[in-house]
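Student: Could you take me through the sheet in this model, with the helices that pack on it and the salt bridges around it? I would like one connected picture rather than a list.

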Amino acid sequence: MDEEMEKQLNELVSVVLQNYYNYLNLKPIDVEIVLAGSVSEIYMQKRPELFEGDNAESPEAVDKNRGLTIPPEVVDGTFTIAINKEYFLNAVKNKDWQWAGTITHEMTHVFDYMNYVKINGLENYDIVQKELLHRPFVLWTEFHARATGYFFIRKFTFGDKYDDENDKDQTDFILQKELPYQINWFSQQCEAANGNADIQLYEAMQFMGRYSIWEKLFPNVFNKRVRQQVFGSNPWMLDMYNFLIGYQTLEEANKDFDEMSNIIKTNFEGHEI
C-alpha cells in the first residue's frame, strides 16, 4: 500500500470515528486500529497467552472475523482493533459502508469493556471472558455493538434519509428482503450450532441488535405488532429482546444482569451462567 492510499484510508477512518464520537457524545480515546492480512497474527503478537489453555480459540476461528477487539493486559492499557485488510479494501473499493459498521461495532466493544471493568472494579479485562459471572455482559455488548455498527452502516449509506420514516423504499426492502434473509440466516446458524447454547445466544444477540435499529429508525413500521410476529413464537426471545431494548445503557443493564441470566436459564436448561 503506497503512502497516498494509506493517507486516504486513514482519513476515511477518521471521518467515521469523528462521526461516531459526535453522534454518541463520546470523548475520543486512544485505540490502535490495524489493517491485518491475518487477524490472528495481530492477536498473537498482542496477546499470545490468550491462545493458550483448553478453551482458547484456534487461529483459524479467529481469522473468520472481519474485525476483532484485542484487550490490553492491564486496565489502563490501549485496546487494539484488528480489521481484515482484504475485506476492508474491497468494501472501500465497492463503496460498501460495511467497513464503517465493523469499525464502529468494535469501537463499541472497546467502550463497553472499559466501562464494565470500571463500574465493577475489576482488575483486568481477561476475567470478563473467563468467568461465567460476566457472561450476561459479554452477550449484552454483542447486542449493543451489532446495533451500533448496523446503525452507522445505514447512516453512512443513506445519508440524510437514514431515519426517514416515510421512505417506503427502505422499509419495503427491509420487510421483503432483509428481514426474511436475517431470519433465515439466524435459523441456519442456530441449527448448525447443534445445541451449543453459547453459539445460539451469540447469534440471537446479532439478530436482535440489527432488529432494534429497524424499530429505532422506523417505529411507524416496526411497531409492537411486528415485534410480536417476529419473536412471539419464541417467548424467551421476546423476553430477552424486551430486556435488551429496555436496558440500552451499560449502567442500566449492569444493575439487572441477573434478570438476563434468568431468561437464559429458563430456556437453556442446564446452561451455566
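Tutor: Here is a walk from the sheet to its helices and then to the charged pairs. Please keep in mind that this is a predicted model.

Let us begin with the strands. The sheet is open and has three strands, in the order 1-3-2, with mixed pairing. Strand 1 (31-36) and strand 2 (67-70) each have a single partner strand and stand at the edges, so one side of each is left without a neighbour in the sheet. On average, and ignoring direction, neighbouring strands are turned by 20° against each other.

Now look at one pairing in detail. As a general point, strands of a sheet pair through backbone hydrogen bonds, either parallel or antiparallel. Strand 2 and strand 3 (residues 79-84) take the antiparallel sense, over four bridges. Within this pairing you can find Gly-67 opposite Ile-83 in strand 3.

Gly-67 also helps in reading the two faces. In a regular strand the side chains alternate between the two faces of the sheet. Along strand 2, Gly-67 and Thr-69 point one way, while Leu-68 and Ile-70 point the other way. What is the exposure of these residues, buried or exposed? All of them are buried, whichever way they point from strand 2.

The next layer is helical. Helix 2 (residues 39-46) packs on the sheet and touches strand 1, strand 2 and strand 3. The direction of helix 2 makes about 160° with that of strand 3. Helix 5 packs on the sheet as well, touching strand 1, strand 2 and strand 3. For helix 5, too, the angle with the direction of strand 3 is about 160°.

Helix 5 leads us on to another helix. The axes of helix 5 (residues 98-120) and helix 7 (residues 135-158) come within 7 Å and cross at roughly 145°. Their crossing is right-handed. Sorted by class, the contact of helix 5 with helix 7 has ten nonpolar, ten polar and three charged residues.

Finally, the charged pairs. The model has ten salt bridges, and one of them ties helix 2 back to the sheet: Lys-46 pairs with Glu-32, with the closest N and O atoms 2.7 Å apart. Lys-46 lies in helix 2 and Glu-32 in strand 1, 14 residues apart, and the pair links distant parts of the chain. Lys-46 has 31% relative accessibility, so it counts as partly exposed. Glu-32 falls in that class because its relative accessibility is 35%.

Arg-47 forms a salt bridge with Glu-49, and here the closest N and O atoms are 2.5 Å apart. Arg-47 is buried, because its relative accessible area is 3%, whereas Glu-49 has 28% and is partly exposed.

A further salt bridge joins Lys-161 and Asp-164, whose closest N and O atoms are 3.0 Å apart. Lys-161 is partly exposed at 40% relative accessibility, and Asp-164 is partly exposed with a relative accessible area of 24%. Returning to Arg-47, salt bridges that share partners join Arg-47, Glu-49 and Asp-126 into one network.

Methods. Residues are numbered from 1 along each chain as its sequence is written. This is a predicted model: local features need pLDDT of at least 70, side-chain atom pairs count only at pLDDT 80 or more; totals for chains, interfaces and linings use all residues. Side-chain values use heavy atoms; hydrogens and water are left out. Axes are lines fitted to C-alpha atoms, for helices over the stretch in contact, and angles run from 0 to 180 degrees between N-to-C directions. A crossing is left-handed if the near helix is turned anticlockwise from the far one by less than a right angle, and right-handed if clockwise. Ala, Val, Leu, Ile, Met, Phe, Trp, Tyr, Cys and Pro count as nonpolar, Asp, Glu, Lys and Arg as charged, and the others, Gly among them, as polar. Two strands pair if DSSP finds at least two bridges between them. Contact means heavy atoms within 4.5 Å. A salt bridge is a side-chain nitrogen of Lys or Arg within 4 Å of a carboxyl oxygen of Asp or Glu. Buried means under 20% relative accessible area, exposed over 50%, partly exposed in between (1.4 Å probe, protein chains only).
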